[in-house]
Amino acid sequence: MMKFIHTADWHIGKKIHGFQLLKEQEEVYRQLVEVAVKEKVDAIVIAGDLYDRAVPPAEAVLLLNKMLMELNIVQKIPLLVVSGNHDSSTRLATGGPWYEFLNFHLVTKIEDSLKPIVLGNTQFFLLPYFEPIDARLYFGDSSLTTHELAAKRVVEEMKKSFDQNYHQVLVAHLFVAGSLRTDSETEVTVGGLDQVSASVFKDFDYVALGHLHNPNASRHERIQYSGTLLKFSVSEANQAKGFKLIELTDEGNLKNTFYPVESTKSLRVLTGFFDDLTARDYYETQKKDDYLFIQLKDTQIIPDAMNRLREIYPNVLGMERLDKTGLLSKMGQLNKEKIQQSSPRALFEKYYQEVTGDSLSKQQTDLLTTIFAQLKIEEEDQTQ
């Protein structure tokens with residue numbers, strides 16, 4: 001039996017709209033440790049994006065070091081870790097050669113991914129995030145022009161080390177075709193060239209992935225994303241966040257258990273009219289210090305709306321308007337050619353209709369006529 005925790009995309013040091021998340025990141029990490037100790041796991045897999053950026057702030061480095069030391073040195077749990085696209089593979093690799101003596105296996109280069117780490121009944125292959133050019137240079141093969149071709153070549157090399165007396169698990173940071181993205185994931189390529197077909201990994205007993213933040217992003221039973229431990233965008237507000245406990249029996253049976261985690265401050269969306277959201281009877285029922293995106297139903301101008309909301313909800317991340325159909329208002333839906341051919345008055349009328357769902361009233365039309373007439377007079381005066 002092999003029992004391990006599959007987690008990824010910690011993004012230590014990440015900020016959302018200027019708000020630092022280190023406290024929340026440590027809170028959810030603590031919940032992961034509790035399960036790891038209780039379940040007596042054989043290993044913890046971290047499938048990339050330990051940091052949120054290549055040069056993380058000092059406080060992020062201190063926190064991640066504290067986390068990894070507790071898991072590996074205090075709890076004596078083997079760690080199987082790869083670098084992600086947000087990590088600096090060079091910086092993250094510092095200390096790698098002597099980490100291995102503590103059963104901390106950190107891989108940041110293709111060449112170090114081809115030979116397995118053996119724990120119990122399982123061979124673990126650790127594949128960091130890489131670009132096709134990395135594979136072209138390593139293999140000396142100019143035909144490896146896409147992630148798909150490069151991944152196939154890497155897997156072919158890995159399979160040379162497969163031992164049929166063991167199960168094979170791949171740890172990787174990449175995008176499997178058909179998986180679901182969310183807004184907080186960095187787009188690193190154009191048009192789908194970063195996609196890798198699930199069939200490339202068919203010979204592995206389990207593929208522990210990082211990169212996508214939705215734990216249900218993949219529909220393949222044995223090719224799974226763990227998702228993030230925290231919510232990082234509006235598109236993730238309704239997602240359960242956590243990690244997966246994977247159990248692989250000697251017979252090859254797979255058990256996948258999702259463990260949800262919660263921080264004291266969650267990311268949520270509040271939708272309603274301004275007067276309702278700022279009414280005491282309403283906001284007293286809310287967890288006011290959560291990280292909040294506000295979606296307003298109001299069509300009229302509300303002076304200083306954001307600051308007034310933050311007097312009640314101190315961690316408001318942003319504010320958006322909804323039209324009368326309940327959809328987010330978007331200004332960019334007009335055809336570019338039509339915009340160039342439309343008069344300023346026609347553009348204003350169209351914009352008002354898109355935002356509010358209504359046409360201008362007679363009173364508003366008369367006011368607009370007066371405003372444009374005045375603007376025309378002022379323009380003529382300036383040209384004389």
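# Patches, ring pairs and salt bridges

User: Which helix gives the largest share of the nonpolar patch?
Analyst: This model is predicted. The nonpolar surface patch covers about 730 Å² and is made by Met69, Ile73, Val74, Trp98, Phe101 and Leu102. Three residues, the largest share, come from residues 58-74, which is helix H2.

User: Is Leu102 buried, partly exposed or exposed?
Analyst: Leu102 belongs to that nonpolar patch. Leu102 sits in the loop between H4 and E6. Its relative accessibility is 46%. Partly exposed runs between 20% and 50%. Leu102 therefore counts as partly exposed.

User: Where does Glu100 lie?
Analyst: Glu100 helps form a negative surface patch, together with Glu111, Asp112 and Asp134. With 47% relative accessibility, Glu100 is partly exposed. Helix H4 (96-99) and strand E6 (104-107) flank Glu100, which lies in the loop between them.

User: How many aromatic pairs does a search of the whole structure find?
Analyst: Rings of Phe, Tyr and Trp pair if their centres lie within 6.5 Å. Searching the whole structure with that rule gives a count of 10.

User: How are the rings of Trp10 and Tyr29 arranged, stacked or edge-to-face?
Analyst: The ring centres of Trp10 and Tyr29 are 6.1 Å apart, and the planes meet at 70°. Planes over 60 degrees apart count as edge-to-face. So the pair of Trp10 and Tyr29 is edge-to-face.

User: How many residues apart are Trp10 and Tyr29?
Analyst: Both Trp10 and Tyr29 are buried. Trp10 is in the loop between strand E1 (2-7) and strand E2 (15-16). Tyr29 is in helix H1 (residues 22-39). The pair links distant parts of the chain, and the separation is 19 residues.

User: What is the angle between the planes of Phe162 and Phe204?
Analyst: Phe162 is in the loop between helix H6 (147-159) and strand E9 (167-173), and Phe204 is in the loop between strand E11 (195-196) and strand E12 (206-210). They are 42 residues apart in the chain. Centre to centre, these rings are 5.4 Å apart. The pair is edge-to-face, with a plane angle of 75°.

User: What is the relative accessible area of Phe204?
Analyst: Buried means under 20%. Phe162 is buried at 17%. Phe204 is buried too, with a value of 5%.

User: How far apart are the closest N and O atoms of Arg30 and Glu26?
Analyst: Arg30 and Glu26 are four residues apart in helix H1, so about one helical turn separates them. Arg30 is partly exposed at 32%, and Glu26 is partly exposed at 23%. A salt bridge needs a nitrogen within 4 Å of a carboxyl oxygen. Arg30 and Glu26 form one, with their closest N and O atoms at 3.7 Å.

User: Which residues are linked with Glu26 and Arg30 in a network of salt bridges?
Analyst: The structure has 19 salt bridges by this rule. Some join into a network that holds Glu26 and Arg30. The other members are Lys66 and Glu70.

User: Is Lys202 buried, partly exposed or exposed?
Analyst: Lys202 meets Asp203 in a salt bridge of 3.6 Å, N to O. Asp203 is partly exposed, with 31% relative accessible area. Lys202 has 61%. The cut-off is over 50%, so Lys202 is exposed.

User: What is the N to O distance in the salt bridge of Lys288 and Glu284?
Analyst: Lys288 is partly exposed at 27%. Glu284 is partly exposed at 45%. Their side chains meet in a salt bridge, N to O, at 4.0 Å.

Methods. Residues numbered from 1 in each chain as written. Predicted model: local features only at pLDDT ≥ 70, side-chain atom pairs only at ≥ 80, totals over all residues. Heavy atoms only, no water. Patch = residues over 30% accessible without salt bridge, like charges linked within 9 Å, V, L, I, M, F, W, Y side chains within 5 Å. Areas by Shrake-Rupley, 256 points an atom, 1.4 Å probe, with all protein chains shown as cover. Lys, Arg positive; Asp, Glu negative; His and termini not counted. Charge placed at Lys NZ, Arg CZ, Asp CG, Glu CD. Helix = DSSP H or I, 4+ residues; strand = E, 2+ residues; numbered from the N terminus. Buried < 20%, exposed > 50% of the residue type's maximum accessible area, 1.4 Å probe, protein only. Phe/Tyr/Trp six-rings, centres within 6.5 Å; stacked < 30°, edge-to-face > 60°.
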